[in-house]
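Visitor: Could you take me on a close look at a single part of this model, the sheet in each chain, and then show me how the chains sit together? I would enjoy one connected walk through it.

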Protein chains: 2
Amino acid sequence: MSLISVGTMAFDAIETPFGKTDSIVGGSATYVAYAASNFVNPVQQISIVGYDFPAEEMNELKTRGVTLDGVEIVPDKKSFFWSGRYHMDMNGRDTLVTDLNVLADFNPRVPDSYQGAEFLMLGNLSPNIQISVIEQMKKRPKLIVMDTMNFWMDIAMPDLEKVLKMVDVLLVNDSEARQLSAQYSLVKAAKEILKMGPKYLIVKKGEHGALLFHANEVFYAPALPLEDVFDPTGAGDTFAGGFMGHIAKTKDISFNNMKTAIIVGSAMASFCVEKFGPTRLKEITKADIDERIQQFVQLVSFEINFE
Amino acid sequence: MSLISVGTMAFDAIETPFGKTDSIVGGSATYVAYAASNFVNPVQQISIVGYDFPAEEMNELKTRGVTLDGVEIVPDKKSFFWSGRYHMDMNGRDTLVTDLNVLADFNPRVPDSYQGAEFLMLGNLSPNIQISVIEQMKKRPKLIVMDTMNFWMDIAMPDLEKVLKMVDVLLVNDSEARQLSAQYSLVKAAKEILKMGPKYLIVKKGEHGALLFHANEVFYAPALPLEDVFDPTGAGDTFAGGFMGHIAKTKDISFNNMKTAIIVGSAMASFCVEKFGPTRLKEITKADIDERIQQFVQLVSFEINFE
């Protein structure tokens, strides 16, 4: 039940209304790995880092069953670096610095040992890189999920359209869904996007939860109301990791099981935002996760008696 | 199982991205009555109108079991009139015209025939008017629910604080909850507001659903994702009407039953926004309502198997 996760392993410097960090470990594939490894083993990582990425972080990931054969280490360059400042509502943020560094030359190679993986998570990267990974798979995975962002819609729409035809699930936030579909209503946006290739669309709405669309069905997962969203960095990737982890663990790609996977992803994301970076994800146990999922059950359960 | 509903019966002229109306019937108590009368009979209305309020609307309400003994008709003045324009996201709106007309002299009198009502819904009005109605009740109703808005927080905070101590449930939107509590986090806002008097707080978040807070418990009701929100006018009042209608019908004021009442309210609100004004609320049947509630059950249901 292996899962390949492709994405960045990087450094972030973050400012929120609650505080500020110097450069700390981040990157989409880092968050996916920390979340998914609670559910599935191995998580087969594909990424690129510079000489500066900490060996202890690599070891921590290995301890959790994350395979790093597909992580290229460039000895004479730095890792990807992003710095940003969040607004009070934590939905908006300003990018302060983007240093591509090693990411400028990222040309991922799928190791032979990864072939045959049943599940593939494509983090937000250039559509060309996403296509290259899919094309390297000798056997198409059972489920391919991709993330993307408005940046690629602006500069690489033809490539994005191509990769959309190759995947099963698209994972975007609400403003990205609106931009991609040119529809304001998310129901209409979903209809348009499901015509572009993916059979499933997940729309992340931050503190307002997430929606799953498939054919004429829709599922609404709430976000857990939190006292403080301390740092939202990585929450979307952690959600993706929880989602994919549950799917890979259960090997069930039905709509019904995707609903459960979204709750698992939401639970994982709710931990992520409690501390800076992936800190909280390294602390939690299976018991913590089960308890959090139980809170989601409580949060939305109600009784209806038709008379 | 009678319910008193206090609020405006008025005219609105509405502009949305989908169209525009001349003056049509509106007002908070109108929406509450159309929604609640599906569940409880009588709905005992307290309001004030001018000579121009249509007799056929009064008759339509009576047909549905709405008692109008508490509706004062002022023969030489016009009814309250509001005109507004909604933004594309339908959450924001600009007020174009507010003509208080009869509302400037509204001094509601609770008819003797209304005494003994078990449930009281106080629509958004000046806190002084809300206090006056509560004080006129010889026996305190089993449940008092109030709506309010930022306007009263700006100009009548001491009165608002007084009425908050007299009610059981406060119903506001997210920005109002934030203003009232001076807290951005809705969880923190709820903690502050629950210290101000009400034992329950309902935070309406429009297309993002609604939250119910009580002591350390929280419930998240989704909004039904809709292709188009045609006209949001009255959606909050319709929600309140559905909520109160269900509570009055079941006479159960437990947290558990309030959760169900919020789903009923959300279902009623989802009809309201489908057409201009209360049009859609006059068309729907019990079967339509049951079917819509069933859609909410589907929308949020998921399975978790802990291993």
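Guide: Happily! Let me begin with a definition: two strands count as paired if DSSP finds at least two bridges between them. Please keep in mind that this is a predicted model.

With that in hand, look at strand β1 of chain B, where Leu3(B) stands opposite Phe119(B) in β9(B). Strand β1(B), residues 3-6, and strand β9(B), residues 119-122, are parallel and joined by four bridges. Both belong to an open sheet of nine strands in chain B, with the order β6-β5-β1-β9-β10-β11-β12-β13-β14 and mixed pairing. At its edges lie β6(B), residues 66-73, and β14(B), each of which pairs on one side only. On average, neighbouring strands of this sheet are turned by 15° against each other, direction ignored. Packed on the sheet is helix α1(B), residues 28-36, which touches β1, β5, β6, β9 and β10 of chain B. The direction of α1(B) makes about 155° with that of β1(B).

Now move over to chain A. Here, too, nine strands form an open sheet with mixed pairing, in the order β6-β5-β1-β9-β10-β11-β12-β13-β14. Its edge strands are β6(A), residues 66-74, and β14(A), residues 217-221. From one strand to the next, the twist averages 15°. Starting at the β6 edge, strand β5(A), residues 43-50, runs parallel to β6(A), and seven bridges join them. Within that pairing, Gln44(A) has Thr67(A) as its bridge partner.

Further along comes strand β11(A), residues 169-173, which is mostly covered, with four of its five residues buried. Three bridges tie β11(A) to β10(A), residues 143-147, in parallel, and Asp147(A) stands opposite Leu171(A) there. With β12(A), residues 200-204, β11(A) pairs in the parallel sense over five bridges; Leu170(A) and Leu201(A) are bridge partners in this pair.

Two helices help to frame this stretch. Helix α6(A), residues 174-181, lies across β11 and β12 of chain A at about 115° to β11(A). Helix α8(A), residues 235-250, lies across β1, β9, β10, β11 and β12 of chain A, and runs at about 175° to β9(A).

Residue Met121(A) offers a good view of the packing here. Setting aside neighbours within four places in sequence, the contacts of Met121(A) include Leu3(A), Val32(A), Val145(A), Ala240(A) and Met244(A). The largest nonpolar core has 186 residues, and among them Met121(A), Val145(A), Met244(A), Met121(B) and Val145(B) touch the most other members.

Finally, how do the chains sit together? Chain B superposes on chain A through a rotation of 180° with 0.0 Å of shift along its axis, at an RMSD of 0.0 Å. That is the relation of a two-fold axis. Within chain B, His208(B) comes closest to the rotation axis, its C-alpha being at 2.9 Å.

Across the interface, 30 residues of chain B are in contact with 30 residues of chain A. On the chain B side, α7, β14, α9 and α11 each supply at least two residues, and α11(B) gives the most, with five. By class, that side has 19 nonpolar, four polar and seven charged residues. Of the interface residues of chain B, 100% are also interface residues in chain A, so the copies meet through the same surface.

Conventions. Residues are numbered from 1 along each chain as its sequence is written. Chains are lettered from A and ligands numbered from 1 in the order in which they are written. This is a predicted model: local features need pLDDT of at least 70, side-chain atom pairs count only at pLDDT 80 or more; totals for chains, interfaces and linings use all residues. Copies are superposed by least squares on the C-alpha atoms of residues with pLDDT of at least 70 in both. Two residues are in contact if their C-beta atoms, placed from the backbone, lie within 7 Å. A nonpolar core is a set of buried Ala, Val, Leu, Ile, Met, Phe, Trp, Tyr and Cys residues joined through C-beta atoms within 7 Å. A residue is buried if 20 or more other C-beta atoms lie within 10 Å of its own, exposed if 12 or fewer, and partly exposed in between; C-beta atoms are placed from the backbone. Ala, Val, Leu, Ile, Met, Phe, Trp, Tyr, Cys and Pro count as nonpolar, Asp, Glu, Lys and Arg as charged, and the others, Gly among them, as polar. Axes are lines fitted to C-alpha atoms, for helices over the stretch in contact, and angles run from 0 to 180 degrees between N-to-C directions.
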